[in-house]
Amino acid sequence: MARVRPMLEGVPETLLWTLYNRAYEAGQPYPVIDDPMALQLMADLDYPFEERFGRPNAFHSQAQGLRSRCFDLAVQGYLRGHPQATVVALGDGLETGFWRVDNGRLDWLSVELPQVAALRRTLLPASDRLRTLSRSVTDLSWLDEIEDPAGRGVAVTTQGLLMYLDPADVRRILAACAERLPGGMLVLDSMARWLAKGTVAGTSKVGSMTIPPMRWAMNPGERRKLRTAHPNITEVHALGLPRGRGAMGELIRLQNLTPGLRTLTPAMTLLRFGT
């Protein structure tokens, strides 16, 4: 297959940065995430990763691998009680979560903007249990695509997505999921307010890429406010990162435990919906 040149800018381009970091970590001895498909994606893409983002950073790469692994573990935990659940990945980018957590029984729905959905269809292998929907996540009609007549359960993931939306849209998505997915769960990550402020000002960069404005932000201590989005949100709790590798993994662990430093990286939160 000829290498594919992704024509992405703004928020969609950030998926290439997360892929770059995840693939670098996946290529390390004893990686924190088993993701050989990320390495294959790097080989299949015609894109100047190092020129655009700089040389791989060991801290960011392992932290990205641990973030993806955190989402995987949350989904796998839900699948233990709901092995035939539907997993809905909002803003999936070039994540390979379906293949990392697949138990042979789940169904997977990725909801992506058209240009990213086209990339997924071109680069990732097809499966009769995987669908990719070309649609903005703010168009809540994607909820109509979820078929769960037997109450098998639904797990929603929103990795690297909600911070780029308007606060009203974030609240609307959470409320709609709580209303329409009883017994389900949702996992999100969020950035601290001080970091998001820099992106809105246009002063935050990764290499030569200006990070798009993060319009929704939440400090870790504000998690409890998420319950106010809908009465059916019955549980909100923090997810800790899995243990990392070596001295860098220990540094990431301490950073996530230290007040004043934990806001340097995204905070992960799990919501459960009542029945």
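Reader: In this predicted model, is Cys177 buried or exposed?

Author: The structure is a predicted model, and in it the relative accessible area of Cys177 is 0%. Because a residue counts as buried when that value is under 20%, Cys177 is buried.

Reader: How many disulfides does the structure hold?

Author: A disulfide needs two cysteine sulfur atoms within 2.5 Å, whereas the sulfur of Cys177 lies 18 Å from the closest cysteine sulfur, in Cys70, which is too far for a bond. Cys70, which also counts as buried with 4% relative accessibility, is likewise in no disulfide. The number of disulfides in the structure is zero.

Reader: Which strands are the edge strands of the open sheet?

Author: Seven strands form this open sheet with mixed pairing, and their order is β3-β2-β1-β4-β5-β9-β8. An edge strand pairs on one side only, and this holds for the strands at residues 130-134 and 233-239, namely β3 and β8.

Reader: Which residue in β4 stands opposite Ala89?

Author: Strand β1, covering residues 86-90, runs parallel to strand β4, covering residues 154-158, and four bridges join the two. Within β4, the residue that stands opposite Ala89 is Thr157.

Reader: Is Trp194 of helix α8 buried, partly exposed or exposed?

Author: Trp194 has its place in helix α8, which spans residues 193-200, and together with Leu261 and Leu264 it makes a nonpolar surface patch of about 300 Å². Its relative accessible area is 49%, and because buried means under 20% and exposed means over 50%, Trp194 falls in between and is partly exposed.

Definitions and conventions: Residues numbered from 1 in each chain as written. Predicted model: local features only at pLDDT ≥ 70, side-chain atom pairs only at ≥ 80, totals over all residues. Heavy atoms only, no water. Patch = residues over 30% accessible without salt bridge, like charges linked within 9 Å, V, L, I, M, F, W, Y side chains within 5 Å. Areas by Shrake-Rupley, 256 points an atom, 1.4 Å probe, with all protein chains shown as cover. Salt bridge = Lys/Arg side-chain N within 4 Å of Asp/Glu carboxyl O. Buried < 20%, exposed > 50% of the residue type's maximum accessible area, 1.4 Å probe, protein only. Pairing = 2+ DSSP bridges.
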